[in-house]
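Subject: Structure for you to look at

Hello,

Here is the structure I promised to pass on. Please open it first, then read my notes below.

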Amino acid sequence: MRFEGPDFLKTDTYRNPAQSGYYDLVIYDRCSPEAMPQANTLMIAALPPGDAWSAEASVDVPQIIDIERSHPLLQLIEMVEVRIVEATPLVAPSGATSLIDTDRAGVVFAIAPREAFEDAVLGFSLVTAEGLNTDWPMKLSFPLFLFNVIEYLGGVRDPLVAGTVAPGSSVKLETEGAGEELEVQKPDDARVTVLRSDFGTYHFAETDELGVYAVSAGDEKKLPSTSPSTFSIPRKAIFACPRRIRLRSETSTLLVSAAEQVARHQGWKILVLLALVVLLVEWYIYNRRVYL
């Protein structure tokens, strides 16, 4: 891990490793590169170059109303008491996942696939020239967020070993001796053609649906049927989707299985209802005894 100033982005010391895939994760704090690296990124108060991302006018004191806790970046994160001085509403590209929503600024944190990589964009800065722009760094959830960033975007947790990634994550397919394209059959039986990249790999990002994804290479495409049990899992569940898989023959299968996501459910309403029933029964028995 290394820290550099914005001028470092203009040097060949940064450009060459960034474009060759040397870095696993690059975090840009209030600065943007001329071209996106061949790596996952986290951009703080900055936008990726190009027209895919855009932002609207900044909004003062937005209140966080919802976060996507099922995503690995926000697992075990609580932001109810986090206050923000100023935030920029984000307009993310198609296929992006909204991670933090506010009442006045809309989406202020989102993640979107880019080829075989993912770009997470935070629409508010942590600090400004005047001081802190948010009290999030002072909360216990902030170190946990940094841990999630390093683990998920930094590739510390290998998806092939961990077995779970968020829906919408991109998959890198590698095969030996294949042609210029592969065919992927999605759980809804739709077939998508994936072209070979300049690096000899195939990048597939349409992994929003839960189920079995069948990958075929070569002239004969034998695609297995999907498993019905995978469709009973909720839409936002975490599912297994290896980032890299090597096709060992002309046809191979990439299996995407569903896994349960631990979530908290509010059970106080049921307890209150049961207590009310007990009170009503006691009241009835008491009045019945008085009547007798």
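How many cavities of 30 Å³ or more does the structure hold? The answer is two. Bear in mind that this is a predicted model.

Start with the second largest cavity. Its volume is about 30 Å³. The residues that line this cavity are L42, I44, L122, L126, W136, F142, F145 and L146. Two elements, β2 and α2, each give two or more residues to this lining. The top contributor is α2, with three residues.

Next, the sheet. Six strands make up an open sheet with mixed pairing. Their order is β1-β2-β10-β9-β8-β5. At the edges sit β1 (25–29) and β5, and each of them pairs on one side only. From one strand to the next, the twist averages 15°.

Look at the β5 end of that order. β5 and β8 run antiparallel, joined by three bridges. For D66, the bridge partner is D101 in β8.

Now find α2. This helix packs on the sheet and touches β1, β2, β9 and β10. The direction of α2 makes about 140° with that of β1.

Then the interior. In soluble globular proteins, nonpolar side chains tend to be buried together. Here, the largest nonpolar core has 28 residues. Which of its residues touch the most other members? They are L73 and F109. Six elements give two or more residues to this core. Five are strands: β2 (40–44), β5 (64–67), β8 (97–102), β9 (107–114) and β10 (117–122). The other is the helix α2 (141–152). The largest share comes from α2, which supplies four residues.

L73 is worth a click. Leaving aside residues up to four places away in sequence, L73 touches L99, F109, I111, A120, F145, N148, V149, Y152 and L153. One of these, F145, also lines the second largest cavity.

There is a second core, separate from the one above, with 18 residues. Among them are Y14, M36, A46 and V107.

If you follow one element through the model, take α2. It packs on the sheet. It gives the largest share of the largest core. It also gives the most to the lining of the second largest cavity.

Over to you.

Best wishes

Note on methods
Residues are numbered from 1 along each chain as its sequence is written. This is a predicted model: local features need pLDDT of at least 70, side-chain atom pairs count only at pLDDT 80 or more; totals for chains, interfaces and linings use all residues. Side-chain values use heavy atoms; hydrogens and water are left out. A nonpolar core is a set of buried Ala, Val, Leu, Ile, Met, Phe, Trp, Tyr and Cys residues joined through side-chain atoms within 4.5 Å. Buried means under 20% relative accessible area, exposed over 50%, partly exposed in between (1.4 Å probe, protein chains only). Contact means heavy atoms within 4.5 Å. Two strands pair if DSSP finds at least two bridges between them. Axes are lines fitted to C-alpha atoms, for helices over the stretch in contact, and angles run from 0 to 180 degrees between N-to-C directions. On a 1 Å grid over the protein atoms alone, a cavity is a set of points where a 1.4 Å probe fits but cannot get out, and a pocket is an open set with protein on both sides within 12 Å along at least five of seven lines; lining residues have an atom within 4 Å of a point. Grid points are joined across faces, edges and corners, and a volume is the space filled by probe spheres set on the points.
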